[in-house]
Protein chains: 4
Amino acid sequence: MTVTSDVHQTIRQLREEVCRLHAELTRYQLVVWTAGNVSARVPGADAMVIKPSGVGYDDLTPENMVVTDLAGRVLEGDLAPSSDTAAQAYVYRHLPHVGGVVHTHSTYATAWAARAEPIPCVLTMMADEFGGDIPVGPFALIGDDSIGRGIVDTLRGSPSPAVLMQNHGVFAIGADARAAVKAAVMCEDVARTTHIARQLGDPRALTPEQVERLHDRYQSAYGQ
Amino acid sequence: MTVTSDVHQTIRQLREEVCRLHAELTRYQLVVWTAGNVSARVPGADAMVIKPSGVGYDDLTPENMVVTDLAGRVLEGDLAPSSDTAAQAYVYRHLPHVGGVVHTHSTYATAWAARAEPIPCVLTMMADEFGGDIPVGPFALIGDDSIGRGIVDTLRGSPSPAVLMQNHGVFAIGADARAAVKAAVMCEDVARTTHIARQLGDPRALTPEQVERLHDRYQSAYGQ
Amino acid sequence: MTVTSDVHQTIRQLREEVCRLHAELTRYQLVVWTAGNVSARVPGADAMVIKPSGVGYDDLTPENMVVTDLAGRVLEGDLAPSSDTAAQAYVYRHLPHVGGVVHTHSTYATAWAARAEPIPCVLTMMADEFGGDIPVGPFALIGDDSIGRGIVDTLRGSPSPAVLMQNHGVFAIGADARAAVKAAVMCEDVARTTHIARQLGDPRALTPEQVERLHDRYQSAYGQ
Amino acid sequence: MTVTSDVHQTIRQLREEVCRLHAELTRYQLVVWTAGNVSARVPGADAMVIKPSGVGYDDLTPENMVVTDLAGRVLEGDLAPSSDTAAQAYVYRHLPHVGGVVHTHSTYATAWAARAEPIPCVLTMMADEFGGDIPVGPFALIGDDSIGRGIVDTLRGSPSPAVLMQNHGVFAIGADARAAVKAAVMCEDVARTTHIARQLGDPRALTPEQVERLHDRYQSAYGQ
């Protein structure tokens with residue numbers, strides 16, 4: 001990789017952003033101890049910035065974030081990168097529009113994942129953000145490309161920015177790291193509300209047309 | 001709108017109050033990310049103060065609150081107002097006693113909304129604040145007057161200051177913004193307790209007479 | 001009431017303690033908005049210190065606590081006392097060993113109360129603190145002695161320092177205000193754990209002998 | 001016990017670490033009031049450092065931690081040690097590889113314990129940390145070696161660092177106090193996720209081979 005001074009500057013900013021975004025995972029109680037992480041692609045370079053492995057959220061600093069190439073090899077950093085680096089690097093290699101990836105074992109979403117059951121789209125907020133059901137990816141063991149391939153195969157062509165990996169947890173993607181964190185936060189929120197709705201009966205269905213209209217509007221008109 | 005200096009002073013105070021009240025939404029975990037908002041009518045003017053769209057709760061300031069007229073057109077502010085502005089403006093236009101509106105997707109209340117099931121009044125605290133069941137409004141798509149009309153049609157003539165919009169979430173009203181926030185907080189609390197009560201059996205019913213006595217007393221005798 | 005200088009000093013300390021103990025109600029999420037309160041008997045006087053009505057927990061100070069006699073009439077204070085003053089005064093009048101009373105609508109305990117179902121003693125921690133099931137008191141409307149009488153009739157002769165008032169919430173008692181707060185905190189904790197245990201099956205029963213041995217030991221040997 | 005100056009230094013550090021680790025119990029809401037504790041073995045001495053009995057988490061300091069020998073007799077400290085001292089001392093006497101013990105009544109794990117039902121290993125994170133189901137230990141009364149013996153008999157030869165003592169709560173062990181706290185945190189997290197997964201159906205099973213591969217990899221390759 002040819003590292004230009006622009007890329008150095010970008011990496012410095014991404015170290016800060018990736019570090020800071022982990023505070024959203026703890027704020028919304030999506031993670032315990034050290035079990036969840038955020039990464040960001042470095043635009044203009046074959047590289048990503050990711051959390052170091054097994055380090056507590058209070059101990060994260062921009063400086064101890066790890067920079068790897070998209071094969072998962074460390075480019076900068078004294079610590080080993082997240083054990084999810086291979087999976088996230090696979091996503092960046094195969095989905096060029098993705099600029100950020102988040103992994104959590106957030107409680108309600110992981111409960112749906114344990115049953116290998118997609119979260120049905122019965123809430124307007126879910127239609128807005130996910131454009132339909134949140135799909136389930138295959139069971140895959142860590143250690144090779146299985147998890148990355150499962151994420152990419154499930155999300156390619158889906159409007160959903162989140163996938164429930166069976167018996168495992170959530171991977172969320174976005175145009176940048178902040179958008180991926182938002183998807184992870186919303187995923188847990190709709191997983192929880194839908195679970196609770198289902199405990200006492202059947203939620204009303206939304207039609208595919210309703211879901212599509214909500215999704216189209218939200219993706220084009222919401223925010224600033 | 002003729003803006004007198006009194007109205008300017010009132011708007012300044014309402015910007016502060018509306019901004020500050022959003023902290024109650026996060027304190028009671030009624031909202032995630034940017035998905036919920038508070039507004040206040042400007043007394044003596046055809047105007048309201050509301051949260052800007054898609055801005056995080058940590059980033060709210062009195063200055064970035066948006067002032068619109070009651071058709072939802074921006075009067076003051078550099079940011080676009082909440083995507084719920086049209087619905088809330090409709091409420092102010094049609095319910096003159098309403099001085100504040102709050103919208104959330106709080107978990108338990110939204111779960112009842114997903115099933116289109118009113119929350120039954122089986123708690124004294126619920127009788128106090130809501131005077132009966134919390135009713136369900138119709139499914140309505142964002143983009144025209146449907147949501148506002150659904151809120152108004154459901155709450156007009158009801159003692160309840162909150163409505164569960166089907167598959168969507170909560171709209172709460174009050175004489176001012178603080179009262180609307182209180183209703184939103186209480187709505188989630190009774191939605192949760194009633195849900196949990198129902199999980200293991202049937203709550204004891206309150207009679208209409210008991211509900212009415214509690215409601216009358218609370219509305220006249222509680223507080224300072 | 002003859003107010004000696006000793007009693008003045010005691011009241012000053014109790015104002016501070018009662019004010020401070022409300023922070024435990026919010027810390028453990030036993031209350032929302034203004035719906036829960038703590039009181040303490042003034043030893044050596046026909047008086048109690050209690051939260052003012054409808055004041056938010058952030059706004060409590062030792063100075064705005066209200067001192068009433070045990071008929072509930074205000075002795076000191078500019079604010080109206082809690083709407084539960086009559087019930088708590090009744091408890092102090094009829095249970096001389098009680099030095100503190102707490103009232104909450106904490107979620108899980110109130111869910112058992114809504115079904116009028118005692119919480120069964122299936123946890124060692126519950127045997128320690130409550131010495132058996134947490135009993136249910138009658139449905140009672142606010143406004144006369146009904147609530148106070150329901151509390152006293154249910155707890156007199158019971159080892160439990162907490163009662164679930166039907167369709168209403170929890171009243172907890174103790175030798176002092178801190179002990180009553182502890183009972184309210186523990187009541188919600190065992191209500192929640194027992195509820196969750198019951199959701200997926202039947203908890204193992206404890207024998208009356210096991211409960212009694214645990215209770216006797218805890219009451220005599222725990223702490224400093 | 002011959003206390004060398006090295007051991008004095010070690011005890012000073014362990015007082016700080018044990019005190020500080022209690023903040024993880026409150027951060028993850030594993031404990032209420034004073035009902036949970038951490039201890040650490042003093043390497044090179046027949047001694048342990050443990051929380052004082054009945055003291056609130058805000059009031060813990062390195063100085064008020066209690067040092068006992070492994071029969072539970074106080075060596076240093078003005079306060080009585082935790083009522084769980086005998087059980088934890090028993091663990092240190094019989095499991096020489098254990099350097100830390102944690103006790104909680106965390107909600108979801110204790111709910112499984114109330115039903116005397118092991119937590120089934122249906123999550124990759126659970127396979128990683130626990131290497132299989134989290135087992136249930138016998139019902140045991142406090143006051144003699146019953147609890148300690150139940151913990152040791154259940155965990156000896158098990159890959160799990162946590163045991164659910166029937167009708168009681170969790171005991172977690174580790175090579176040091178921090179590892180034991182991690183096990184207690186993860187125990188509650190997987191207890192909660194698995195409970196919620198089971199509420200709406202049957203989680204997919206993991207095969208023993210999958211569990212073993214995950215456990216082996218995590219124990220050797222995770223972290224720094």
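The following dialogue concerns the sheets and chain contacts of a predicted model.

Tutor: In this predicted model, local features need pLDDT of at least 70 and side-chain atom pairs count only at pLDDT 80 or more, while totals for chains, interfaces and linings use all residues. Residues are numbered from 1 along each chain as its sequence is written, chains are lettered from A and ligands numbered from 1 in the order in which they are written, and side-chain values use heavy atoms, with hydrogens and water left out.

Student: What makes D:Asp58 and C:Arg27 a salt bridge?

Tutor: A salt bridge requires a side-chain nitrogen of Lys or Arg within 4 Å of a carboxyl oxygen of Asp or Glu. The closest N and O atoms of D:Asp58 and C:Arg27 are 2.6 Å apart, so the pair satisfies that rule. The count between chain D and chain C is one salt bridge.

Student: Which residues form a salt bridge between chain A and chain D?

Tutor: A:Asp58 is joined to D:Arg27, with the closest N and O atoms 2.6 Å apart. The count between these two chains is likewise one salt bridge.

Student: How many residues does each chain bring to the contact between chain D and chain C?

Tutor: Chain D brings 33 residues and chain C brings 32 residues, where contact means heavy atoms within 4.5 Å. By that rule, 33 residues of chain A are in contact with 32 residues of chain D.

Student: What is the area buried between chain D and chain C?

Tutor: It is about 3,000 Å², of which carbon and sulfur atoms give 60%. Buried area is the accessible area (1.4 Å probe) that two parts lose on being put together, summed over both. D:Val32, D:Trp33 and D:Arg115 supply 26% of the area that chain D buries against chain C, more than any other three residues.

Student: How many residue pairs are in polar contact between chain D and chain C?

Tutor: There are 11 such residue pairs, both residues being at pLDDT 80 or more. A polar contact is a pair of N or O atoms within 3.5 Å; within protein, one must be able to donate a hydrogen and the other to accept it, and residues adjacent in sequence count only if both atoms are side-chain atoms. On the side of chain D that touches chain C, the largest share, five residues, comes from helix 3 of chain D. Helices (H or I, at least four residues) and strands (E, at least two) are DSSP runs, numbered from the N terminus.

Student: Why are strand 2 and strand 3 of chain A said to pair?

Tutor: Two strands pair if DSSP finds at least two bridges between them. Four bridges join strand 2 (residues 47-50) to strand 3 (residues 66-69) of chain A, so these antiparallel strands pair. A:Ala47, for instance, has A:Asp69 as its bridge partner.

Student: Why are strand 4 and strand 6 of chain A called edge strands?

Tutor: Eight strands of chain A form an open sheet in the order 4-3-2-1-5-8-7-6, with mixed pairing. Strand 4 (74-76) and strand 6 (136-137) of chain A each pair on one side only.

Student: How do you know that strand 5 and strand 8 of chain D pair?

Tutor: Five bridges join strand 5 (residues 100-104) of chain D to strand 8 (residues 169-174) of chain D, so the requirement of at least two is met. These two strands run antiparallel, and D:Val101 stands opposite D:Ile173 in strand 8 of chain D.
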